[in-house]
Amino acid sequence: MVTDIEDRKRVEEALRRSEHCLAEAQRLSHTGSFGWNVSTGVHFWSDETFRIFEFDPSSSLRYQ
C-alpha cells in the first residue's frame, strides 16, 4: 500500500512537470491548445489560448 501511494505521488509530480513544460512551450511559441469533449459539450482552453483571443481565463465562455 505504501508503494501505491509513492507511485501515485511520482506520477502526479511527473504530470505537473509535463503540464508546466507544455504551458511554458505554448507561452514561448505563442501557440495555444484547446479541446472539446463532444459527449459532455465541455470545452478546454489553455492559458495561452485565452491570452491569444484576449479572453479572461476566469470568465465563462459561452458557445452558440
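**Figure 1. Glu6 of helix α1 and its separation from Ser33.** In this predicted model, Glu6 is partly exposed, with a relative accessible area of 40%. The residue belongs to helix α1. Between the C-alpha atoms of Glu6 and Ser33 the distance is 31 Å, the two residues being 27 positions apart along the chain.

**Figure 2. The salt bridge between Glu12 and Arg8 in helix α1.** Glu12 pairs with Arg8 in a salt bridge whose closest N and O atoms are 2.8 Å apart. Both residues are part of helix α1, which covers residues 2–29. They are four residues apart, a spacing of about one turn of the helix. Their accessibility falls into two classes: Glu12 is partly exposed at a relative accessible area of 31%, whereas Arg8 is exposed at 57%. The value for Arg8 lies over the 50% limit that marks an exposed residue, and that for Glu12 lies between this limit and the 20% limit for burial.

**Figure 3. The salt bridge between Glu24 and Arg27 in helix α1.** A salt bridge joins Glu24 to Arg27, with 2.6 Å between the closest N and O atoms. Because the two residues are three apart in helix α1, about one helical turn separates them. Glu24 is partly exposed, with a relative accessible area of 29%. Arg27 likewise counts as partly exposed, with a relative accessibility of 44%.

**Figure 4. The salt bridge between Glu48 and Arg51 in helix α2.** Glu48 and Arg51 form a salt bridge in which the closest N and O atoms are 2.7 Å apart. The two residues are three apart in helix α2 and therefore separated by about one helical turn. Is Glu48 buried or exposed? Glu48 is buried, with a relative accessible area of 7%; this value is under the 20% limit, so the residue is assigned to the buried class. Its partner Arg51 is partly exposed, at 46% relative accessibility. Elsewhere, salt bridges with shared partners connect Glu13, Arg16 and Arg17 into one network. In total, six salt bridges are counted.

**Figure 5. Thr49 of helix α2 and its contacts with Gly32 and Ser33.** Thr49 is located in helix α2, which comprises residues 47–52. The residue is buried, its relative accessible area being 4%. Its side chain reaches the backbone nitrogen of Ser33 at a distance of 2.9 Å. Which residues does Thr49 contact once its neighbours within four places in sequence are left aside? They are Gly32 and Ser33.

**Figure 6. The aromatic cluster of Trp45, Phe50, Phe53 and Phe55.** Three aromatic pairs are found in a search of the whole structure. One of them is formed by Trp45 and Phe53, with ring centres 5.7 Å apart and an angle of 50° between the planes. This pair is classed as tilted, because its angle falls between the limits of 30 degrees for stacked and 60 degrees for edge-to-face rings. Trp45 is partly exposed, with a relative accessible area of 22%, whereas Phe53 is exposed at 53%. Ring pairs connect Trp45, Phe50, Phe53 and Phe55 into a cluster.

**Figure 7. The protein chain as the setting of the close-up views.** The secondary structure consists of two helices and two strands, arranged along the sequence in the pattern α-β-β-α. For the 64 residues of the chain the globule rule gives 11 Å, and the radius of gyration, at 16 Å, is well over that value, so the chain is more spread out than a compact globule. The C-alpha trace spans about 50 × 30 × 20 Å along its principal axes. Of the 64 residues, 8% count as buried; Thr49 and Glu48 are buried residues shown in the views above. Among contacts between residues at least 6 apart in sequence, 0% join residues at least 24 apart. The exposed area of the chain is about 5,800 Å², of which carbon and sulfur atoms supply 59%.

Methods:
Residues numbered from 1 in each chain as written. Predicted model: local features only at pLDDT ≥ 70, side-chain atom pairs only at ≥ 80, totals over all residues. Heavy atoms only, no water. Buried < 20%, exposed > 50% of the residue type's maximum accessible area, 1.4 Å probe, protein only. Polar contact = N/O pair within 3.5 Å; in protein donor to acceptor, adjacent residues only side chain to side chain. Contact = heavy atoms within 4.5 Å. Phe/Tyr/Trp six-rings, centres within 6.5 Å; stacked < 30°, edge-to-face > 60°. Salt bridge = Lys/Arg side-chain N within 4 Å of Asp/Glu carboxyl O. Rg over C-alpha atoms; globule rule 2.2 N^0.38 Å. Areas by Shrake-Rupley, 256 points an atom, 1.4 Å probe, with all protein chains shown as cover.
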